Amino acid sequence: MAEIEIGEVETGEHIKKDIQLIKDGIRIDGRRFDELRKITLKLGVLKRADGSAYVEWGKNKVLAAVYGPREIFPKFLQNPTRSIVRCIYNLAPFSVDERKRPGPDRRSVEISKVSTEALESVIMCERFPNTTIDIFIEILQADAGTRCAGLTAASLALADAGIPMKDLISACAAGKIEGHVVLDLMKEEDNYGECDLPIAIMPRKKGIVLLQMDGKLTRDEFDKALKLAYDGAMKVYEMQKETLMKNITEVGEGDGY
Ligand code: UDP
């Protein structure tokens, strides 16, 4: 079977580990192979941002804030045909076991770039010429899957800001641990597993706006993991819709509609 190989990443076979990730078909946090971690979504958690959202996804804690559309400076950055989307992903120094050096590193620059591209593919940028839409994703606590949690939060924050979008963005990862394809890897599984495959989708238009792969999969495993991640992202979409609907109802009730 042909193997898909991306990057110079070590696979599970090469990493020495003294941790058993699966016992009797159950993962170390008690989940089955196709189970998501517990996810909680909140809208409008920040007063000063135009839109915001907070996501707890397993042990991940993620805040997203949106500012804009607003005039962009310096002026030479302006585009008379569309808004410029800028997304910054930041892993807080206190979010991980070993204090992370503050500021951008290669990883966060990469995640900011792919997140910007994913988000601008759904935002109706042409409606806001000469402006910028700034999106900040702050990872307060990390336990693998932060880019998926970050994009899910960012898309909710954009909706909270009232920015017109063609679709939401919903994200989820699948991967391979101890030879099994599983949904939504947590930290130990990400560290000691064989592969992580995060994706972000446009759930209504059924398009993929982000797909990355860290590790190795056979083609069959890839197909299986992609389907699992896609179905996981669709479940996230249902939760996002529910959160948005609840918020609309709450606003409506508060305003006497
Ligand atoms: N991580 C860490 N320090 C770092 C970067 C990552 O401890 O400088 C941890 C963190 O828990 C993160 C996980 O490794 O969630 C997996 O990181 P990855 O690059 O795979 O991205 P993610 O799965 O969070 O999108």
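**Strand β11 and its neighbours**

Cys 195, Leu 197, Ile 199 and Ile 201 point one way from β11, Asp 196, Pro 198, Ala 200 and Met 202 point the other way, and all are buried (20 or more other C-beta atoms within 10 Å of the residue's own, C-beta atoms being placed from the backbone). Strands (E, at least two residues) are DSSP runs numbered from the N terminus. The model is predicted: local features need pLDDT of at least 70, side-chain atom pairs count only at pLDDT 80 or more, and totals for chains, interfaces and linings use all residues. Residues are numbered from 1 along each chain as its sequence is written.

User: How many of the residues of β11 are buried?
Analyst: β11 is largely enclosed by the rest of the structure. This follows because the buried residues number eight of the eight.

User: Which residue of β11 is the bridge partner of Ala 171?
Analyst: Strand β9 (residues 170–177) runs antiparallel to β11, joined by seven bridges; two strands pair if DSSP finds at least two bridges between them. In β11, the partner of Ala 171 is Ala 200.

User: Which residue of β12 stands opposite Ile 201?
Analyst: β11 pairs with strand β12 (residues 207–211) in the antiparallel sense over four bridges. Their hairpin has four residues between the strands, and Lys 206 takes a positive phi near 60 degrees there. Opposite Ile 201 in β12 stands Ile 208.

User: Which residue of β13 stands opposite Cys 195?
Analyst: Strand β13 (residues 214–218) pairs with β11 over two bridges, also in the antiparallel sense. Opposite Cys 195 stands Gly 215.

Key. A residue is buried if 20 or more other C-beta atoms lie within 10 Å of its own, exposed if 12 or fewer, and partly exposed in between; C-beta atoms are placed from the backbone.
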